[in-house]
Amino acid sequence: MSAREYAAYQLFVLAERGVEYVRRCAVPDAPAICQAHHNRTMPIEAAMRDAPIPHALGPDAWCSCTYRPALPQARPAGT
């Protein structure tokens, strides 16, 4: 299983457990592409469809971004 397939599987498991929103997390020394989306909260369906992680950083290198369940107060406004 590739790193991206594993991340998609983790989102699927969260969805199966009833999680509706996730927060994207990046480590402090992550590349700019990761930092640009750090703490972004989105519906889990949008994460599965539009925001695949990890990002490829080289032929055999991947970022360490993860998704975490979002708390209700972390949901985007209007949702």
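A disulfide is taken here as a pair of cysteine sulfur atoms within 2.5 Å, and the legends below describe close-up views of a predicted model.

**View 1. The cysteines of the predicted model, in which a search of the whole structure finds zero disulfides.** The sulfur of Cys25 lies 8.7 Å from the closest cysteine sulfur, that of Cys65, which is too far for a bond. Cys25 is nevertheless buried, with a relative accessible area of 13%. Cys34 is likewise in no disulfide, and the nearest cysteine sulfur to Cys34, again that of Cys65, is 3.3 Å away; because a disulfide requires the two sulfur atoms to be within 2.5 Å, the pair of Cys34 and Cys65 is not counted as one. With a relative accessible area of 1%, Cys34 is also buried.

**View 2. The open sheet of three strands, with the order S2-S1-S5 and antiparallel pairing.** Strands S2 (41-43) and S5 stand at the edges, and each has a single partner strand, so one side of each is left without a neighbour in the sheet. Averaged over the sheet and with direction ignored, neighbouring strands are turned by 40° against each other. Strand S1, comprising residues 21-25, runs antiparallel to S2 and is joined to S2 by three bridges; Met42 in S2 is the bridge partner of Val22.

**View 3. The surroundings of Arg24, a residue of strand S1.** Arg24 counts as buried, at 3% relative accessibility. Leaving aside residues up to four places away in sequence, Arg24 touches His37, His38, Asn39, Arg40, Met42, Ala51, Ile53, His55, Thr66 and Tyr67.

**View 4. Asn39 in the loop between helix H2 (32-35) and strand S2.** Although Asn39 is not a glycine, the residue has a positive phi of about 70°. Asn39 counts as partly exposed, at 40% relative accessibility, and is among the residues touched by Arg24, which is itself buried at 3% relative accessibility.

**View 5. The largest nonpolar core, with Val22 and Tyr67 as the residues that touch the most other members among its 16 residues.** Two or more residues of this core come from each of helix H1 (3-16) and helix H3 (44-50), and H1 gives the most, with three residues. In soluble globular proteins, nonpolar side chains tend to be buried together. When residues up to four places away in sequence are not counted, the contacts of Val22 are Leu11, Leu14, Arg40, Thr41, Met42, Ile44, Ala47, Tyr67, Arg68, Pro69 and Ala70. This list includes Met42, the bridge partner of Val22 in S2, as well as Tyr67, with which Val22 shares the role of touching the most other core members.

**View 6. Pro69 in strand S5 (residues 66-69), a strand at an edge of the sheet.** Pro69 is partly exposed, with a relative accessible area of 41%. Among residues further than four places away in sequence, Pro69 touches Leu14, Val19, Tyr21 and Val22. Pro69 and Ile44 are separated by 25 residues in sequence, and their C-alpha atoms are 8.8 Å apart in space. Both Pro69 and Ile44 appear among the contacts of Val22, the residue of the preceding view that, together with Tyr67, touches the most other members of the largest nonpolar core.

Definitions and conventions:
Residues are numbered from 1 along each chain as its sequence is written. This is a predicted model: local features need pLDDT of at least 70, side-chain atom pairs count only at pLDDT 80 or more; totals for chains, interfaces and linings use all residues. Side-chain values use heavy atoms; hydrogens and water are left out. Helices (H or I, at least four residues) and strands (E, at least two) are DSSP runs, numbered from the N terminus. Buried means under 20% relative accessible area, exposed over 50%, partly exposed in between (1.4 Å probe, protein chains only). Contact means heavy atoms within 4.5 Å. Two strands pair if DSSP finds at least two bridges between them. Axes are lines fitted to C-alpha atoms, for helices over the stretch in contact, and angles run from 0 to 180 degrees between N-to-C directions. A nonpolar core is a set of buried Ala, Val, Leu, Ile, Met, Phe, Trp, Tyr and Cys residues joined through side-chain atoms within 4.5 Å.
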